[in-house]
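Trainee: I am new to this structure and would like a close look at a single part. Please take me through the sheet, and then show me what lies around it.

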Amino acid sequence: MRATFDFNGARVFVFGGTSGINLGVAQCFARAGATVGVASRSQDKVDAAVATLGAGAKGYALDVRDPEAAAEAMADWGETDVLISGAAGNFPAPAVAMSPNGFKSVVDIDLLGSFHVMKAAFPHLKKPGSTVIHISAPQAQVAMAMQSHVCAAKAGVDMLTKCLALEWGPAGVRVNASSPGPIDNTEGRDRLAPSEEAKAAVTKSVPLRRHGQAEEIGQACLWLASDAAAYVSGAILPVDGGWLAAGVPLDLTKMG
Ligand code: COA
Ligand code: NAP
């Protein structure tokens with residue numbers, strides 16, 4: 001699949017953009033001509049990602065739970081046309097077996113982290129004309145056993161998306177989210193479906209009967225950030241082979 005949008009001259013920053021889906025998204029923008037910045041905790045992952053992102057790419061090792069670190073990175077990076085917030089944590093666990101800190105860690109990364117990076121980026125977003133994209137998840141809309149922390153956090157991310165679309169729309173900033181389905185060869189999918197049997201059950205639960213590719217989330221983000229989507233704001237776009245429409249029929253308590 002090839003990028004079909006032209007982002008030459010655009011500056012795109014991806015929080016959590018050093019592996020999996022978010023790295024795929026960052027690479028899509030780089031192939032479409034954008035100058036790309038990424039940030040995540042591991043310096044090694046940051047360096048490896050930057051090496052794949054072409055001319056002008058820059059990386060920052062930081063934790064999105066630290067608002068000052070996010071603000072410093074954005075101040076260094078500067079003017080931004082597209083901001084993507086995708087840093088997240090997940091592990092399957094029933095609520096009764098989860099410590100308060102386990103629940104808090106995921107909410108801190110996914111929800112508070114999204115708030116921190118939004119606040120950090122706002123002064124540097126091009127106004128008018130920039131776009132923000134949250135990488136959400138179907139757990140925001142569908143309850144899932146062993147995912148109470150993720151469901152709560154991502155539901156907050158979706159509502160943050162909509163609230164910021166209201167607040168930032170008058171400045172000419174569009175705010176949307178993409179909600180990926182199960183994406184092949186990713187940490188998130190592997191944590192929820194560790195065995196071959198579990199992966200097969202996931203495939204069967206998707207109306208299109210296949211996993212998605214990170215590139216397919218990237219293509220959706222290119223569209224969301226493009227002029228083709230100039231009147232789209234406050235939207236949560238499922239890119240999931242129909243998974244959400246089917247109600248995400250998956251029982252994690254039965255996945256080995
Ligand atoms: N089951 C239950 N609790 C768990 C757990 C599991 N599988 N994994 C971690 N926790 C708990 C820990 O026990 C700890 O709680 P405690 O202090 O009461 O013992 C708490 O979560 C934080 O763990 P820690 O490893 O210190 O946090 P961290 O900040 O280093 O890492 C996580 C955050 C836990 C979300 C970690 O899984 C992570 O870094 N994930 C990023 C990658 C990822 O999840 N990718 C998929 C994205 S969808
Ligand atoms: P991943 O490869 O683990 O991606 C998570 C990224 O976030 C990594 O780059 C990680 O790098 C970074 N990160 C994690 N905690 C961070 C923190 N505290 N501060 C800064 N960066 C942090 O997982 P993925 O499966 O591709 O998931 C990517 C996104 O897609 C997530 O938002 C997830 O909820 C969403 N999603 C995934 C699926 C799926 O099938 N995989 C489905 C729906 C939604 P470091 O370790 O270096 O910090």
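Mentor: What follows is a walk through the sheet, then the ligand, then two single residues. Keep in mind that this is a predicted model.

Start with the sheet as a whole. It is open and has 7 strands. Their order is β3-β2-β1-β4-β5-β6-β7, and the pairing is parallel. Two strands sit at the edges: β3, residues 58-61, and β7, residues 236-239. Each of these two pairs on one side only. Neighbouring strands in the sheet are turned against each other by 20° on average, with direction ignored. As a general point, strands of a sheet pair through backbone hydrogen bonds, and they do so either parallel or antiparallel.

Now look at β1. This strand spans residues 11-15. Is β1 mostly covered or mostly open? Mostly covered: 4 of its 5 residues are buried. In the strand order, β1 stands between β2 and β4. Take the β2 side to begin with. Strand β2 covers residues 35-40, and 5 bridges join it to β1. The two strands run parallel. To find one bridge, pick R11 and look across to T35, its partner in β2. How does the chain get from β1 to β2? It passes through helix α1, residues 20-31. This β-α-β crossover is right-handed.

Turn to the other side of β1. There you meet β4, residues 82-85. Here 4 bridges make the join, and the strands are again parallel. V12 stands opposite V82 of β4.

Move along the sheet to β5 and β6. Strand β5 holds residues 131-135, and β6 holds residues 174-180. They pair in the parallel sense over 5 bridges. T131 is a handy marker: R174 of β6 stands opposite this residue.

Next, the ligand. Which residues come nearest to ligand 1? There are 15 residues around it, and R65, N90, S99, N101 and R191 come nearest. Three of these deserve a closer look. S99 has a polar side-chain atom 2.6 Å from an oxygen atom of ligand 1. For R65, a polar side-chain atom lies 2.9 Å from a ligand oxygen atom. N101 also places a polar side-chain atom 2.9 Å from an oxygen atom of the ligand. How much of ligand 1 does the protein cover? On its own, the ligand has 930 Å² of accessible area, and the protein covers 56% of that.

Helices contribute to this shell. Both α4, residues 100-121, and α6, residues 187-192, supply at least two residues each. The largest share comes from α4, with 4 residues.

Finish with two single residues. T80 lies in the loop between α3, residues 67-77, and β4. Why is T80 called buried? Because its relative accessible area is 0%, and the cut-off for buried is under 20%. The side chain of T80 also reaches the backbone oxygen of G78, at 2.8 Å.

L252 belongs to the segment after β7. With a relative accessible area of 5%, L252 is buried too. Now compare L252 with L192. They are 60 residues apart in sequence. In space, their C-alpha atoms are 7.1 Å apart.

Key. Residues numbered from 1 in each chain as written. Chains lettered and ligands numbered in written order. Predicted model: local features only at pLDDT ≥ 70, side-chain atom pairs only at ≥ 80, totals over all residues. Heavy atoms only, no water. Pairing = 2+ DSSP bridges. Axes fitted to C-alpha atoms, helices over the stretch in contact; angles between N-to-C directions. Buried < 20%, exposed > 50% of the residue type's maximum accessible area, 1.4 Å probe, protein only. Right-handed = clockwise from strand over helix to strand, strands pointing away. Near = heavy atom within 4 Å. Polar contact = N/O pair within 3.5 Å; in protein donor to acceptor, adjacent residues only side chain to side chain. Areas by Shrake-Rupley, 256 points an atom, 1.4 Å probe, with all protein chains shown as cover.
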